[in-house]
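Trainee: I have a new structure open and I'd like to learn how to read it. Could you take me through it feature by feature?

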Amino acid sequence: MKTPLPWLSHKEWAIRKWGGPLYRVPVDPGWGCPHKKPGEMGGCTFCAEDGGRARQTLGVDSPAAQLERGVTFVRERYGEGKLELYIQAYTATFSSVDALKAMIEPLLGQQNFVSLSLGTRPDCLPPPTLELLREWNQQLEVWVELGLQTAQDATLLRMNRQHSWAKSKEAIFKLQDAGLQSCAHLLFGLPGESADDMFATVEEIVALPVQALKLHNLHVLEGSLLGEEFKRQPFPVLPESAWLELVMQLIRRIPAELPLFRVFTDSENRLAPKSEFSKGEFLHQLEVVMKKRGWFQGELCFQKP
Ligand code: SF4
């Protein structure tokens, strides 16, 4: 029998929580981001023009059509399982509450979703939006995926995030007060950050009331400001093999009960780093190396009470 992974993956977490796999169905409402003007590069320097759209939503128009295509994709590829409506691209709460309600509620009625996940910025959670999320949270589990990236203010400034780490913490506490689940999206290998800075980010985040993490290694993307900078003057970017070593050290310092919804960046339009692994190969290597070394999630930190 296969021994469990040395980290708590999304799949394993879903089995424990929902009794089986939870599949995400991405829908992009096309609202954009308050921090990025349509058709222009700008906003966060690492963000490409498509703002993190899922492949399945590209080139499909209405949210209802995206949902239909997404569900078909999930069923054909993975079969049965519970579904989550996943509004990830750009900033999902960048709209009026009325527009958010008008877009999401028909989609929720279209399928039997057990959860709803919305990606946003820490400075994009006004009280009426939180109130609406709290209402939805009575019917299904509502997750907010917060793009935080790093706890280092100097890096946030350099990456033109336009918010501080204090703002990130404030957003996490607002979500906790509203009874919502939060997943922190963190980015490692950002220019100017040392390994100590990255460990410090993990130390900060695990002390906060978040319910999941996404750990990403930086990809310098075509169509991003960072990509333009890289083309003018190439700078060192964390190779995937170095990310494999680093992410193991991060995982060892993350409490064992905190699920890791992602540990590897998967993108097609990158300028750097060079692709060394497919996602499957990376996850396999991570498992093999951690098991060989006897390492596991949380071994170097105190458990949360
Ligand atoms: S990373 Fe998020 S907040 Fe930054 S520009 Fe892109 S969509 Fe906007």
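Trainee: Let's start with Gln 162. Where is Gln 162 found?

Mentor: Look in the loop between α5 (153-158) and α6 (165-177), and you'll find Gln 162 there. Keep in mind that this is a predicted model.

Trainee: Is Gln 162 buried or exposed?

Mentor: Gln 162 counts as exposed, because its relative accessibility is 56% and the cut-off for exposed is over 50%.

Trainee: And what should I look for in the backbone there?

Mentor: Start with the general idea: most residues other than glycine have a negative phi, and most peptide bonds are trans. Now the case here: Gln 162 isn't a glycine, yet its phi is positive, at about 65°. Gln 149 is also a residue other than glycine with a positive phi, near 75°.

Trainee: Where is Gln 149 found, and is it buried or exposed?

Mentor: Gln 149 is in strand β4. With a relative accessible area of 5%, Gln 149 is buried.

Trainee: You mentioned trans peptide bonds. Which peptide bond here is cis?

Mentor: Check the bond from Ala 272 to Pro 273: it's cis, with omega near 0°. Pro 273 sits in the loop between β9 (270-272) and α10 (279-293).

Trainee: Let me try another proline. What can I say about Pro 191?

Mentor: First place it: Pro 191 is in the loop between β5 (181-188) and α7 (195-206). A loop residue can still be checked for burial, and Pro 191 is buried, with a relative accessible area of 13%. Then ask what it touches. Setting aside neighbours within four places in sequence, the contacts of Pro 191 include Thr 155, Met 159, Leu 226 and Phe 235. As for something it's separated from, the C-alpha atoms of Pro 191 and Lys 11 are 31 Å apart, with their positions 180 residues apart along the chain.

Trainee: Phe 235 makes me think of rings. How many aromatic pairs does the structure hold?

Mentor: Eight. To read one, take the distance between ring centres and the angle between planes. For Trp 143 and Phe 261, the centres are 5.4 Å apart and the planes are at 50°, so that pair is tilted. This pair links distant parts of the chain: Trp 143 belongs to strand β4 (residues 141-149) and Phe 261 to strand β8 (residues 260-262), 118 residues apart. Both are buried, Trp 143 at 3% relative accessibility and Phe 261 at 10%.

Trainee: And how does Phe 235 fit in?

Mentor: Phe 235 pairs with Phe 230 in an edge-to-face arrangement, 5.2 Å centre to centre with 85° between the planes. Phe 230 is buried at 15%, and Phe 235 is buried at 18%.

Trainee: Which residues form an aromatic cluster with Trp 143?

Mentor: Trp 13 and Phe 261 join Trp 143 in one aromatic cluster. Rings can have charged partners too: Arg 252 lies over the face of Trp 295, 4.0 Å from the ring centre. Likewise, Lys 17 lies over the face of Trp 18, at 5.2 Å.

Trainee: How do I read the interior?

Mentor: In soluble globular proteins, nonpolar side chains tend to be buried together. Here the largest nonpolar core has 65 residues, and among those touching the most other members are Leu 85, Ile 104 and Leu 286. Helix α9 (residues 240-252) gives the largest share of this core, seven residues. A second, separate core of 13 residues includes Phe 46 and Phe 230.

Trainee: What about a polar residue, say Ser 115? Is Ser 115 buried or exposed?

Mentor: Buried, at 0% relative accessibility. Ser 115 is in strand β3 (residues 113-120), and its side chain makes a polar contact with the side chain of Glu 84 at 2.8 Å.

Trainee: Finally, how do I read the whole thing?

Mentor: Count the elements: 10 helices and nine strands. The radius of gyration is 19 Å, close to the 19 Å that the globule rule gives for 305 residues, so the protein is as compact as a globular protein of that length. Of those 305 residues, 52% count as buried.

Terms used:
Residues numbered from 1 in each chain as written. Predicted model: local features only at pLDDT ≥ 70, side-chain atom pairs only at ≥ 80, totals over all residues. Heavy atoms only, no water. Helix = DSSP H or I, 4+ residues; strand = E, 2+ residues; numbered from the N terminus. Buried < 20%, exposed > 50% of the residue type's maximum accessible area, 1.4 Å probe, protein only. Polar contact = N/O pair within 3.5 Å; in protein donor to acceptor, adjacent residues only side chain to side chain. Phe/Tyr/Trp six-rings, centres within 6.5 Å; stacked < 30°, edge-to-face > 60°. Lys NZ or Arg CZ within 6 Å of the ring centre and 35° of its normal. Core = buried A, V, L, I, M, F, W, Y, C linked by side-chain atoms within 4.5 Å. Rg over C-alpha atoms; globule rule 2.2 N^0.38 Å. Contact = heavy atoms within 4.5 Å.
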